[in-house]
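This briefing looks at the surroundings of a ligand and at how some of the helices are arranged. Please keep the sequence and the model at hand while reading.

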Amino acid sequence: MIAELLKAATADNHKELESLMFVNEIMNNSLSVDEYKKLLIVNYVIHEKLEDKLISMLDNETANRLEITSRLKLPALEKDLKFWNIDRDALKNLNVDLYLPNNNIAEVLGALYVLEGSTLGGNVIKKHILANPNFKNSTEGLNYYGVYGSELGTKWKNFVLLMNEVVIEADYERCIKCANEMFNNLKNLSKQLNETVKY
Ligand code: HEM
């Protein structure tokens with residue numbers, strides 16, 4: 001099944017991305033607001049540049065089965081940026097070089113696996129931020145992490161079921177490649193922002 005293979009084949013990239021994304025600070029409830037803003041910015045730029053493009057490559061049946069409009073995460077990110085006074089226009093002009101999958105269902109689902117899977121980590125991240133004294137009275141600025149609320153388990157299960165059904169064995173390799181390229185997009189952007197964006 002492709003889901004298990006994806007998890008194993010992207011594990012190293014996940015680990016690397018966790019370190020770039022302040023995993024220790026998150027877990028010991030010491031993440032600063034500036035560090036949190038960086039996480040939001042990375043996720044915002046990726047979603048602003050790619051979410052719409054990826055979704056428009058899904059055929060109608062797959063989009064309906066995924067209830068794709070309920071999975072859009074850009075609106076939550078936009079709310080968070082507004083709450084934290086982060087200038088969206090400056091970010092839209094950022095020159096980023098991102099990998100985009102071909103118009104092929106296995107490739108698109110491989111890329112979406114990364115954006116969907118990040119909601120699992122998001123749930124953990126939100127719990128820790130809520131316990132972090134730096135984020136008192138900030139719940140209105142925490143829309144992206146925890147975006148699916150109590151629907152998280154069902155949404156993830158449905159995504160995995162669909163992916164396992166739709167991605168055929170002959171396409172496993174290209175699906176896995178796209179998931180790893182999506183992780184690379186996030187890692188590269190994270191490194192680029194360290195150099196270019198002032199908080
Ligand atoms: C943008 C950054 C991130 C992306 C794209 C991402 C991606 C993913 C993906 C694709 C999965 C699904 C793995 C699978 O079951 O197939 C996952 C799971 C998970 N991630 Fe992340 N992740 C990110 C950041 C983080 C961070 C910073 C943490 C820790 C604070 C974290 C913690 C977790 C946890 C706890 C799971 C659930 C593991 C499980 O239940 O099996 N993630 N993430």
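A residue is taken to be near the ligand if its C-beta atom, placed from the backbone, lies within 6 Å of it. In this predicted model, 17 residues surround the ligand, and the closest are Lys7, Gly117, Ser118, Leu120 and Gly121. The elements that each give two or more residues to this shell are helix H1 (2-9), helix H2 (11-20), helix H3 (23-27) and helix H8 (105-130).

**Shell around the ligand**
- Helix H8 gives the most to the shell, with eight residues.
- By residue class, the shell around the ligand divides into eleven nonpolar, four polar and two charged residues.

**Helix H8**
- Helix H8 has 26 residues and reaches 37 Å from its first C-alpha to its last, which is close to the 38 Å expected at 1.5 Å a residue.
- At Gly121, which is among the residues closest to the ligand, helix H8 bends by about 30°.

**Helix packing**
- The axes of helix H8 and helix H9 (residues 152-166) come within 11 Å and cross at roughly 160°.
- Angles over 145 degrees count as roughly antiparallel, and H8 and H9 are therefore roughly antiparallel to each other; their crossing is left-handed.
- Helix H4 (residues 33-56) and helix H6 (residues 74-83) pack at an angle of about 140°, with their axes 10 Å apart, and that makes H4 oblique to H6.
- The crossing of H4 and H6 is left-handed.

Definitions and conventions
Residues are numbered from 1 along each chain as its sequence is written. This is a predicted model: local features need pLDDT of at least 70, side-chain atom pairs count only at pLDDT 80 or more; totals for chains, interfaces and linings use all residues. Helices (H or I, at least four residues) and strands (E, at least two) are DSSP runs, numbered from the N terminus. Ala, Val, Leu, Ile, Met, Phe, Trp, Tyr, Cys and Pro count as nonpolar, Asp, Glu, Lys and Arg as charged, and the others, Gly among them, as polar. The expected span of a helix is 1.5 Å times one less than its number of residues. The bend at a residue is the angle between axes fitted to the seven residues ending there and the seven starting there. Axes are lines fitted to C-alpha atoms, for helices over the stretch in contact, and angles run from 0 to 180 degrees between N-to-C directions. Angles under 35 degrees count as roughly parallel, over 145 as roughly antiparallel, 65 to 115 as roughly perpendicular and the rest as oblique. A crossing is left-handed if the near helix is turned anticlockwise from the far one by less than a right angle, and right-handed if clockwise.
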